[in-house]
Structures are given as structure tokens and as C-alpha cells.
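Could you walk me through this model in my viewer, one selection at a time? I would like to know what to click next and what is there.

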Amino acid sequence: MGQSEHEPGATIIEFPAKGAAGRLTRGSDGILRYGDLSPALTELLDLRVHSFTGREAIVEVGGPRLTYRELWHSASRIAGGLQDHGVGYGDRVAVHMPTSARWVQAFLGALLSGAVPVLVPDSLPAAIAERVIADSRADFVLGPDGPLPDSAAYIDDGAALDDPALLCYTGTAARRPVPTGVELTNENLLSAVSSVIGALDLSADGMRNLVLLPLAHASGCVDQLLPTFAVGGTVVLAPGTRDLADVLETERIDTVSATPRIFTGLLPELAARPTGAGVRRISKACHRSERAAAAAPATLTAALRGLFPAARQWSVWGATETSGIGLMVDDTDLAESGSALGFAFGGTELALSGPQASAGRGELLCRGPNVSRRYWNDPDASTARFSGTWFHTGNLVSIEADGLVRAVLPVRQRRVSGL
């Protein structure tokens with residue numbers, strides 16, 4: 001551990017990175033970085049499209065099925081249509097529609113146009129969604145109704161690692177009138193993709209990932225959609241589908257990605273008709289303190305193990321500011337995972353801040369190539385949450401000697417949960 005003073009009265013204890021060899025090297029600013037990233041997300045995806053042209057890229061159950069060639073062609077025509085509407089490099093294009101194959105086409109179309117996609121969750125109340133779009137200063141909105149822009153195929157490949165590539169919003173209206181926009185660069189996204197592929201050992205053998213997470217969140221878009229595309233896999237979407245047991249079988253699903261709450265809701269259906277013999281990976285994504293607050297995570301892990309006996313289970317924890325990732329724990333091997341958030345992985349490094357930091361307890365801080373540098377259009381929030389190279393998560397945790405991070409629940413929550 002190392003100690004440093006980053007701001008008056010706040011002692012920060014840094015925990016040394018583990019397993020940060022090989023492709024990761026430390027930059028002059030102290031941050032670990034991948035040394036072999038593509039210059040931009042569009043270039044990485046373009047290379048994958050040409051490697052896996054005939055494979056299915058996106059499947060919407062009951063809707064379109066698109067190969068990589070078909071998806072890329074439709075997205076590039078959307079990009080051309082946006083260009084015809086005056087959208088250019090660095091402009092903002094809001095994607096505001098339900099999770100679907102159309103969402104993926106619109107997102108990629110905005111990306112290929114040279115614009116910065118703005119993810120607007122379809123679940124937001126209309127008034128809040130309007131405020132988010134206005135706050136982002138979007139130059140164009142791709143919505144659920146009517147035809148998408150269409151013109152001659154166009155791909156802008158002039159972006160650089162340091163350029164903004166995505167604008168995600170985090171927070172709820174209960175905390176503030178407008179959720180906060182998080183700027184993520186090409187390096188942030190590409191680093192997150194590399195970390196997920198490495199941590200979950202994803203191969204290019206044609207994985208089929210049933211993604212039940214909202215694509216308008218970092219956990220769905222950055223941590224599931226993009227890594228699956230990066231290895232030439234198939235993203236299967238099942239919006240509104242009730243019989244997911246049938247989907248697991250007919251779509252030959254080998255990976256399922258959802259939140260613990262979604263999995264808990266699916267347990268009765270899946271138990272009534274077990275069809276999970278082919279599933280090899282289960283990814284449970286939680287942001288902030290959701291994993292620690294979820295009811296009986298060990299019980300959920302055991303139930304999923306019974307339904308998917310051949311699957312390894314991972315829980316990934318992060319924040320939008322960390323590209324949705326940061327910590328990971330292999331639930332298959334962890335006997336007791338009730339308060340465990342996970343171990344740092346990829347290029348993420350950890351620190352603790354506060355009077356008990358030297359004793360292994362305090363506010364969790366993160367830094368790494370996947371971590372945003374600032375908020376969009378909110379300098380006060382940026383100053384408050386980003387200190388030097390560190391992002392202050394606001395989560396009270398403890399870090400054990402082996403690097404395992406555990407959530408420390410407030411006293412009131414301990415009493416309610418019986419912990």
C-alpha cells in the first residue's frame with residue numbers, strides 16, 4: 001500500500017495493482033494502459049466485421065436477424081443519412097428507443113457518422129428524457145418511430161484514442177433534476193472491451209450472448225454488446241419475450257448477461273423448464289451498491305448453479321464513470337459472496353480515502369484506462385468526484401489483504417437485513 005495526500009485533510013491509501021503485466025504499461029500520469037489498442041472503436045469494429053462477415057451479429061427474438069455484413073451496411077447508411085442532415089465529427093446524436101436490433105443499428109450509425117452517441121434510457125420519464133437530450137446538446141435524435149436516416153454508406157474513421165466516443169447518463173431524478181452525463185473516450189471503451197475479453201476469457205469461436213441488460217446503460221452497451229462484437233459473437237436480444245427457456249434452447253445460448261434482480265425474477269420460469277445445459281457463462285452486472293444490497297446473492301448463485309450446471313458465474317461491479325466495469329468476482333469459486341464486490345481487473349487500480357483508509361476501510365477510489373476523466377457540462381461535479389487521476393465512487397468498502405473488495409453497509413441497512 002502507498003500513502004499520498006491528494007487534497008487537504010484527505011489521506012488516500014493506494015493498493016498496488018495485481019496481475020498488471022503483459023499488455024499493460026504505466027504511463028507518465030501513473031495510469032496503467034493497454035499498449036495495443038486500435039486508434040478508435042470504429043476501426044476495431046470495422047476489422048471484426050471483415051473477419052466475421054457471414055456470422056450473425058444481432059438477433060432480436062421475433063424480429064430482425066442481421067449478419068455482421070448486414071449490420072455494418074445498414075449502420076453505414078444511417079451514418080450517411082446523418083451526414084446529409086449536417087451531422088459531423090464531434091456532434092452529439094441521441095439514441096432514444098427501446099432495446100432492439102434497431103437500437104444497435106442506430107447506435108452504430110451515430111458512431112460511424114463521426115458523432116458522439118448519447119445514450120438515453122427508454123425507461124426514463126418523458127420529461128427527464130427531454131432534459132437529458134437538451135443537456136447533451138444533441139444535434140439529432142434517433143427515436144423509436146419513423147424511418148432512420150438513410151443515404152450512401154459513410155464511415156468516419158478519423159477519431160483518436162483521446163477523443164470522446166460516448167456520452168452516458170447516470171443518476172436519478174430523485175437525486176437531481178437531470179442525470180449527470182459521463183464522457184467516455186475511445187480509450188475508455190476499448191480498454192473496457194479488452195478487460196472484459198481478458199477477464200472472461202472470451203474467444204472468437206462464435207459465442208451467443210443473451211443480453212438482458214438495457215443497451216442504453218454502460219453495463220449493457222460497453223460491457224456486453226461491444227466485447228461480444230469484438231470477438232465475432234452474436235448478441236441475442238429478447239425484448240418482451242416471456243418464454244426465455246425456449247430462447248435458451250432455440251438460439252443455442254452459451255452466455256447469459258443480466259442483473260441479479262433480473263435473474264431472481266427469472267428463477268421460477270427457468271426452474272419450471274430447465275434448458276440451460278448449453279450455457280457456459282453467466283455474467284451478473286451490478287452498479288454502485290446493487291450487488292451488496294441484493295437479497296441473498298449466495299442463494300441466487302446456488303440456484304443458478306442448479307439450473308446451469310456447466311456455467312461459470314461472474315459478478316461484475318462498476319459505475320458508468322468506470323465504463324460499467326472495475327471489479328469482478330468469480331462466484332463459482334467464492335464460497336461466501338454476500339458483501340463481495342470483487343477484485344480489480346484489467347487496468348483498474350484501487351485506493352481508499354478517509355480516516356480509516358490505512359486500516360483497509362474507506363471510500364472506494366478507482367483509476368485506470370477505462371475510467372472517465374470528467375462529467376459533461378458539470379465542472380462542479382467533476383471537481384468533486386475526480387481528484388487527480390482518481391474517481392471517487394462514493395461507496396464505503398473494505399479491502400482485504402488479498403485485494404477482495406467488500407461493501408460496508410450502513411448501520412440502518414445492517415439492522416434491516418439482519419447482517
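Here is a short tour of this predicted model, stop by stop.

**Stop 1: the largest nonpolar core.** Start by selecting Trp103, Val104, Phe107, Leu108, Leu142, Leu225 and Phe229. The largest nonpolar core has 76 residues, and these are the ones that touch the most other members. Now colour helix α3, residues 101-112: with nine residues, α3 gives the most to this core. A second, separate core has 23 residues, including Val59, Ala258, Phe263 and Leu300.

**Stop 2: leucine 142.** Go back to Leu142 and show its surroundings. Setting aside residues up to four places away in sequence, leucine 142 touches Leu82, Val93, Ala94, Val95, His96, Met97, Ala106, Ala110, Leu148 and Pro149.

**Stop 3: helices α5 and α6.** Next, select residues 218-230, which form helix α6. Here 13 of the 13 residues are buried, so α6 is largely enclosed by the rest of the structure. Add helix α5, residues 186-200, and turn the view until both axes are clear: they come within 9 Å and cross at roughly 75°. That crossing makes α5 roughly perpendicular to α6. To see where the two helices meet, show Leu189, Ala192, Val193, Val196 and Ile197 from α5 together with Val222, Asp223, Leu226, Pro227 and Ala230 from α6. Before moving on, look at glycine 232, which follows α6 and has a positive phi, near 70°.

**Stop 4: helix α10.** Which residues of helix α10 (residues 297-307) are buried? Select Pro297, Leu300, Thr301, Leu304 and Leu307 to see them. They cover an arc of only 125° around the axis, which puts them on the same side of α10. It helps to remember that an α-helix has 3.6 residues a turn, so residues three or four places apart point the same way. Now rotate to the other side of α10, where Thr299 and Gly306 are exposed. Leu300 may look familiar, as it is also one of the members of the second core.

**Stop 5: asparagine 377.** Finish in the loop between β21 (375-376) and α11 (379-385), where asparagine 377 sits. Is this residue buried, exposed or partly exposed? Its relative accessibility is 38%, so asparagine 377 counts as partly exposed. Leaving out neighbours within four places in sequence, asparagine 377 is in contact with Asp135 and Arg137. Show these side chains: the one of asparagine 377 makes a polar contact with the side chain of aspartate 135 at 3.3 Å, and another with the side chain of arginine 137 at 3.2 Å. For a last distance label, pick the C-alpha atoms of asparagine 377 and valine 182, which are 195 residues apart along the chain but separated by 9.3 Å.

Technical notes. Residues numbered from 1 in each chain as written. Predicted model: local features only at pLDDT ≥ 70, side-chain atom pairs only at ≥ 80, totals over all residues. Heavy atoms only, no water. Core = buried A, V, L, I, M, F, W, Y, C linked by side-chain atoms within 4.5 Å. Buried < 20%, exposed > 50% of the residue type's maximum accessible area, 1.4 Å probe, protein only. Helix = DSSP H or I, 4+ residues; strand = E, 2+ residues; numbered from the N terminus. Contact = heavy atoms within 4.5 Å. Polar contact = N/O pair within 3.5 Å; in protein donor to acceptor, adjacent residues only side chain to side chain. Arc of directions from axis to C-beta. Axes fitted to C-alpha atoms, helices over the stretch in contact; angles between N-to-C directions. Parallel < 35°, antiparallel > 145°, perpendicular 65-115°, else oblique.
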